[in-house]
Amino acid sequence: MNKIKVMIADDHALIREGIKKLLELEENFEIVALAGDGEQAITSIKETSPDVVLLDINMPVMNGIDCLKQIKQDYPEIKVIMLTIHEDAEYLIETINIGAEGYVLKDADVSSLVKAIQKVVQGEVYIHPTLSGILVREYKRKDKNMEDVIGNNLTKREYEVIRLISKGYNNKEIAIELFISEKTVKNHVSNIFKKIKVTDRTQAALYAIKHNITKI
């Protein structure tokens, strides 16, 4: 199996080196570059072609938000996980809307970061579990007239599938969890996307969080 190539962009050298040493203990990861600001990150991407970029939000020269925008514009195939101290819904919503596949707090344990990297490489979205509640509260604050989730015509099984999507499960994991075939899961996912008018799993996961389907 090819190793997952990871780049770490953070303006604090101790954090960069600390994360590097922790991830190097995982046999499936290869740390291909370190960057201290957004411009260095963009240059390093051109030189090393990482699979995943761990991107801090607050950096000098070019901050993480602007760096994320450029990565998604120029290298849409690269997965980006925001690595930050901010338990802030505005930052979270903004970065996910731009296209970040993951959002992990810096005080998370290493297993959460490892899981986040593995999930986004598989095409999933990973949002630190403690932030789900913040997202729900923020969406409710912004939309007092949030539509009833029953109004979208999802079947009971489709509710189960989208709930698991919001938890970062891939199709194989959903199939195992619900005791159905992977092909059936793919059909459910396709139907869900059409019904809730989204085009990818990240948007579906955000929809589930917004409409509190994660609690069903």
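**Exercise 1.** In this predicted model, find the largest nonpolar core and say which helix gives the most to it.

*Solution.* Start with the size: the largest nonpolar core has 51 residues. Next, look for its best-connected members: Leu55, Ile71, Met82, Ile162 and Ile196 have the most contacts inside it. Then turn to the helices: H10 (residues 201–210) gives the most to this core, with six residues. Finally, keep a second, separate core in view; its 18 residues include Ile81, Val104, Ile117 and Val120.

**Exercise 2.** Work out the strand order of the open sheet and find which strands stand at its edges.

*Solution.* Begin with the order: six strands run E2-E1-E3-E4-E5-E6, with parallel pairing. Now go to the edges: strands E2 (29–35) and E6 (126–127) each have a single partner strand, so one side of each is left without a neighbour in the sheet. For a closer look at E6, note that E5 (residues 102–105) pairs with E6 over two bridges, in the parallel sense. Within this region, tyrosine 103 stands opposite isoleucine 127 in E6. Last, add a helix: H1 (residues 13–24) packs on the sheet and touches E1, E2, E3 and E4. The direction of H1 makes about 170 degrees with that of E2.

**Exercise 3.** Is threonine 84 buried or exposed, and which residues does it touch?

*Solution.* First place the residue: threonine 84 is in strand E4 (residues 79–84). Then check accessibility: threonine 84 has 0% relative accessibility and therefore counts as buried. Finally, list its contacts, leaving out residues up to four places away in sequence: threonine 84 touches Asp56, Ile57, Tyr103, Val104, Leu105 and Lys106.

Notes:
Residues are numbered from 1 along each chain as its sequence is written. This is a predicted model: local features need pLDDT of at least 70, side-chain atom pairs count only at pLDDT 80 or more; totals for chains, interfaces and linings use all residues. Side-chain values use heavy atoms; hydrogens and water are left out. Helices (H or I, at least four residues) and strands (E, at least two) are DSSP runs, numbered from the N terminus. Buried means under 20% relative accessible area, exposed over 50%, partly exposed in between (1.4 Å probe, protein chains only). Contact means heavy atoms within 4.5 Å. A nonpolar core is a set of buried Ala, Val, Leu, Ile, Met, Phe, Trp, Tyr and Cys residues joined through side-chain atoms within 4.5 Å. Two strands pair if DSSP finds at least two bridges between them. Axes are lines fitted to C-alpha atoms, for helices over the stretch in contact, and angles run from 0 to 180 degrees between N-to-C directions.
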